[in-house]
Amino acid sequence: MTQTATEDQETAPATAVRRPALSPSRASDFKQCPLLYRFRAVDRLPETPTKAQLRGTLVHSVLERLFALPQSERLPERAKELLEPAWSELSADRTEWTELFAEDDQSQVADWLTSAGKLLDSYFALEDPRRLEPEACELHVETELDSGVLLRGYVDRLDVAPTGEIRVVDYKTGTAPREIGEAKAMFQMKFYAVVLWRLRGIVPRQLKLMYLTDGQSLAYTPDEPELRRFERTLEAIWQAILKAGKTGDFRPNPGKLCDWCAHQSRCPSFGGTPPEYPGWPEPDPGEETPLDRAD
C-alpha cells in the first residue's frame with residue numbers, strides 16, 4: 001500500500017510546535033534572493049497563485065490518488081475521473097483559488113480541467129503506473145544533520161527496488177527547463193537525496209524529474225562524495241539564513257527571475273520598501289505549501 005506520511009507526522013500532537021527547518025523551496029529562495037526568502041518565510045506575505053500553479057498542484061494530487069488505487073485500475077481514464085473530486089477537495093477551504101475563475105463562467109473551470117487532463121496523458125506516455133508499486137507518495141521526510149541543521153520536505157514519489165535501490169521521482173508540470181530552471185530542479189532533488197541518505201544510509205540510485213508539459217524525463221545518479229559536498233552547501237545556506245535572521249539584513253539579488261516575482265512592489269531594487277522586519281519567525285519558517293511542491 002502506498003504510504004502518504006511518516007509515522008511521526010501521524011502520531012504528533014496537532015498543536016506541536018516544530019523548530020525552524022530548511023526546506024528545498026526555501027533554501028532555493030535564499031540562494032536566488034535572500035529578500036525573497038524573507039518575504040516568504042519570515043514576513044509570510046501572501047502570493048496569488050496562477051492557474052498554472054494550481055493545475056500543477058491538482059495533477060500532483062491526482063497522481064498521488066492514482067497510486068493509491070489497485071495497479072489494474074491505474075489507467076488514463078481513471079486518472080481523469082479523479083480530477084474534479086480532487087479539485088473540489090483541494091479548493092474547499094481556499095476561496096482565493098476559486099476566485100481565479102469567473103463565478104458565472106463554468107467553462108473556464110472545464111477548460112482548465114481539460115488542460116490538466118492533457119498533463120495526465122503526458123504522464124502516461126512516460127511510464128505505465130500499473131507496472132509500479134511505489135513505497136510512498138507525497139512522503140514527508142525530515143532529518144537533522146550532525147551540524148544541527150534540520151532538513152524537511154516532501155518527496156513526490158519514492159520507488160524502492162526489491163534489491164533495496166532507491167529512486168526519487170518528482171513531477172514537474174512545466175516544460176523541461178533551461179539552465180536556470182534545471183539547476184533549481186536538481187538542487188531540490190539533491191536536497192531529497194541528502195535527507196534520504198541520512199535517514200536510510202543509502203545513496204539514492206536515481207533522481208528522476210518528469211516534465212509533463214513536453215513529456216520529457218531527466219535522470220541523474222548522485223554519489224556519496226557529491227552528497228557530502230551538497231550537505232555542506234545546505235549547512236552554509238542555513239548559517240547565512242541565521243546570520244541574516246539576527247539582523248534582518250536580507251538583501252535583494254536582482255536577476256532574470258525578478259520578472260516572475262510577486263513582491264517587486266516591495267523590493268528596493270525596484271523602488272519599493274519592505275515592511276518592517278518582524279524578527280525571526282516562530283514556530284517554523286521551513287514548511288512548504290502544496291504550491292511549492294508542484295512548482
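A salt bridge is a side-chain nitrogen of Lys or Arg within 4 Å of a carboxyl oxygen of Asp or Glu. Keep that in mind, as much of this tour follows such pairs.

Before you start clicking: this is a predicted model, where local features need pLDDT of at least 70, side-chain atom pairs count only at pLDDT 80 or more, and totals for chains, interfaces and linings use all residues. Residues are numbered from 1 along each chain as its sequence is written, and side-chain values use heavy atoms, with hydrogens and water left out.

**The whole chain**

Show everything as a cartoon. You'll find 11 helices and 5 strands; these are DSSP runs (helices H or I, at least four residues; strands E, at least two), numbered from the N terminus. Of the chain's 295 residues, 46% count as buried. Here buried means under 20% relative accessible area, exposed over 50%, and partly exposed in between, with a 1.4 Å probe and protein chains only. Turn on the surface and you're looking at about 15,100 Å² of exposed area, 49% of it supplied by carbon and sulfur atoms (Shrake-Rupley method, 1.4 Å probe; for residues, only the protein chains shown count as cover).

Contact means heavy atoms within 4.5 Å. Take the contacts between residues at least 6 apart in sequence: 72% of them join residues at least 24 apart.

**Stop 1: Lys80 and Asp121**

Select these two and show their side chains. They meet in a salt bridge, 3.0 Å from N to O. Lysine 80 sits in helix H5 (residues 76-81) and aspartate 121 in helix H8 (residues 106-126), so distant parts of the chain, 41 residues apart, are linked by this pair. Buried or exposed, or something in between, for lysine 80? Partly exposed, at a relative accessible area of 37%. Aspartate 121 is also partly exposed, at 34%.

**Stop 2: Ser122**

Stay on helix H8 and pick serine 122. With a relative accessible area of 12%, serine 122 is buried. Which residues does serine 122 contact, leaving aside its neighbours within four places in sequence? Select Tyr211, Leu212 and Gly215 to see them.

**Stop 3: more salt bridges**

How many salt bridges does a search of the whole structure find? The count is 21. Try glutamate 73 and arginine 78, whose side chains pair up at 3.9 Å, N to O. Glutamate 73 is partly exposed at 32% relative accessibility, and arginine 78 is partly exposed at 26%.

Now jump to glutamate 135 and arginine 200, where the closest N and O atoms of the salt bridge are 2.5 Å apart. Glutamate 135 is in the loop between H8 and strand S1 (136-144), while arginine 200 belongs to helix H9 (residues 179-200), so the bridge ties together parts 65 residues apart in sequence. Both partners are partly exposed: glutamate 135 at 28% and arginine 200 at 36%.

For a group rather than a pair, select Arg26, Asp29, Arg40 and Glu47, which salt bridges with shared partners join into one network.

**Stop 4: two packed helices**

Finally, colour H2 (residues 24-32) and H10 (residues 224-247). They pack at about 70°, with axes 10 Å apart; axes are lines fitted to C-alpha atoms, for helices over the stretch in contact, and angles run from 0 to 180 degrees between N-to-C directions. H2 and H10 are therefore roughly perpendicular (65 to 115 degrees; under 35 is roughly parallel, over 145 roughly antiparallel, the rest oblique).

Show side chains where they touch: Ala27, Phe30 and Lys31 of H2 meet Ile237, Ala240 and Ile241 of H10. By class, that contact has 5 nonpolar, no polar and 1 charged residues. Ala, Val, Leu, Ile, Met, Phe, Trp, Tyr, Cys and Pro count as nonpolar, Asp, Glu, Lys and Arg as charged, and the others, Gly among them, as polar.
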